[in-house]
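Me: I would like a close look at one part of this model and at what it touches. Please explain it at a first-year level.

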Amino acid sequence: MVELRGSSKRVYVADLFSRISGRYDVMNTVMTFGMDRLWRRTAATEAMLGLQGPVLDVATGTGNLALELGRNPGSTYVVGMDLLNAMVSRAARKISDKACIRPTTFMTGDALSIPFVDNSFACVTSAFSLRNMPDLELALREMVRVARPGGKVLSLEIMPSSRGLLAFLVRQYLRFVLPLMGSLIAFDRAAYTYLPRSVDKFLSPQELEALFKRVGLNNVRSRRLGLGGVHLHWGIKDS
């Protein structure tokens, strides 16, 4: 479960996302009331702001953020990388169905050992995946390593909500409504019980900002989206 670490967590999460890969996009749309598309569009715009060059989307899943990055005129080409063949296959099928301004390709690869040389990409992104990393700091260090000097590393992530009535309602939705949706739509209640627990166990926005700085990023910024439970974090690699 969420308490797992290292290789045990990797195996658990890989099995979980392989099971739900066929219903992943539908569930994202339903459980966010379609807002996930806007969040990814916002992330892609922020990721490429003031930049031009190749882009890597780590743990790309079914490729939705990578495709948004491909529509941004600042990107020259886009690589979407994921550990799971099931996700990569579904992402690759979308290339012919959706307009991509820039060439986009999908491949299998490990976020803890990104198969590219140092300083390869103008921007490196990750959406809704940092919570699932068996070694979060190593994954971020790898993202920083393959970013160019002066390039950007950006994450889009569901994070623990702050106090207050709205935060309470969001937590109740994640803990009780989401598993029911997962059972009815994705036919996998366990997978969508994992999600709210992974959010509860994850870093706070302030802690993630501090980690971004610790792995070597400067000018670290964050932005709250949605009802406050979704955050963008980004920073610039030292040039």
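What follows is a request about helix α3 (35–48) and the loop before it, with one reply.

Me: Where does F33 sit, and is it buried or exposed? Which charged residues of helix α3 are in salt bridges, and what touches G74 and T125?

Reply: Keep in mind that this is a predicted model. A short overview of the chain comes before the details. The protein chain has 239 residues, and 54% of them count as buried. Its secondary structure comes to 9 helices and 7 strands. The radius of gyration is 17 Å, which agrees with the value near 18 Å for a compact globule with 239 residues. Along the principal axes, the C-alpha atoms fill a box of roughly 45 × 40 × 35 Å. Among contacts with a separation of 6 or more, 72% are between residues 24 or more positions apart.

Now the loop. F33 sits between α2 (24–31) and α3 (35–48). Its relative accessibility is 65%, so F33 counts as exposed, the cut-off for that being over 50%. F33 also belongs to a nonpolar surface patch of about 310 Å², which it makes together with M35 and L38. For the whole protein chain, about 10,800 Å² is exposed, and carbon and sulfur atoms supply 55% of that area.

F33 also takes part in an aromatic pair, and another pair serves as a comparison. A pair of aromatic rings is described by the distance of the centres and the angle of the planes. The count of aromatic pairs comes to 5. In one of them, Y12 and Y194, the centres lie 5.9 Å apart and the planes are at 50°, so the pair is tilted. It links distant parts of the chain: Y12 belongs to helix α1 (residues 6–20) and Y194 to helix α8 (residues 189–201), 182 residues apart. Y12 is partly exposed, at 22% relative accessible area, while Y194 is buried, at 2%. The pair made by F33 and Y173 is also tilted, with 6.1 Å from centre to centre and 35° between the planes. Here too distant parts of the chain are linked, since Y173 lies in helix α7 (residues 165–186), 140 residues away from F33.

Next come the charged residues. Side chains of opposite charge can pair when their charged atoms come close. The structure holds 15 salt bridges. One of them joins D36 and R40, with 2.9 Å from N to O. D36 and R40 both lie in helix α3, 4 residues apart, which is about one turn of the helix. Both of these residues are buried. Another salt bridge joins the side chains of E46 and K152, at 3.6 Å from N to O. This pair reaches across the chain: E46 is in helix α3, K152 is in strand β5 (residues 147–158), and 106 residues separate them. E46 and K152 are both buried as well.

Helix α1 gives a contrast in burial. There D15 forms a salt bridge with R19, and their closest N and O atoms are 2.7 Å apart. D15 and R19 are also 4 residues apart within one helix, α1. However, D15 is partly exposed, at 43% relative accessible area, and R19 is partly exposed too, at 41%.

Finally, the two other residues you asked about. G74 lies in the loop between α4 (64–71) and β2 (75–82). With 12% relative accessible area, G74 is buried, the cut-off being under 20%. Setting aside residues up to four places away in sequence, G74 touches M48, L51, Q52 and G53. G74 and L51 are 23 residues apart in sequence, with their C-alpha atoms 6.1 Å apart.

T125 lies in strand β4 (residues 121–127). It is buried, at 1% relative accessible area. Apart from neighbours within four places in sequence, the contacts of T125 are A47, L56, D57, V58, L65, L69, M143 and L154. By contrast, T125 and L225, 100 residues apart in sequence, have C-alpha atoms 17 Å apart.

To put the part together: F33 is exposed in its loop, whereas the salt-bridged residues D36 and R40 are buried, and so are E46 and K152.

How values were computed: Residues numbered from 1 in each chain as written. Predicted model: local features only at pLDDT ≥ 70, side-chain atom pairs only at ≥ 80, totals over all residues. Heavy atoms only, no water. Patch = residues over 30% accessible without salt bridge, like charges linked within 9 Å, V, L, I, M, F, W, Y side chains within 5 Å. Areas by Shrake-Rupley, 256 points an atom, 1.4 Å probe, with all protein chains shown as cover. Salt bridge = Lys/Arg side-chain N within 4 Å of Asp/Glu carboxyl O. Helix = DSSP H or I, 4+ residues; strand = E, 2+ residues; numbered from the N terminus. Buried < 20%, exposed > 50% of the residue type's maximum accessible area, 1.4 Å probe, protein only. Phe/Tyr/Trp six-rings, centres within 6.5 Å; stacked < 30°, edge-to-face > 60°. Rg over C-alpha atoms; globule rule 2.2 N^0.38 Å. Contact = heavy atoms within 4.5 Å.
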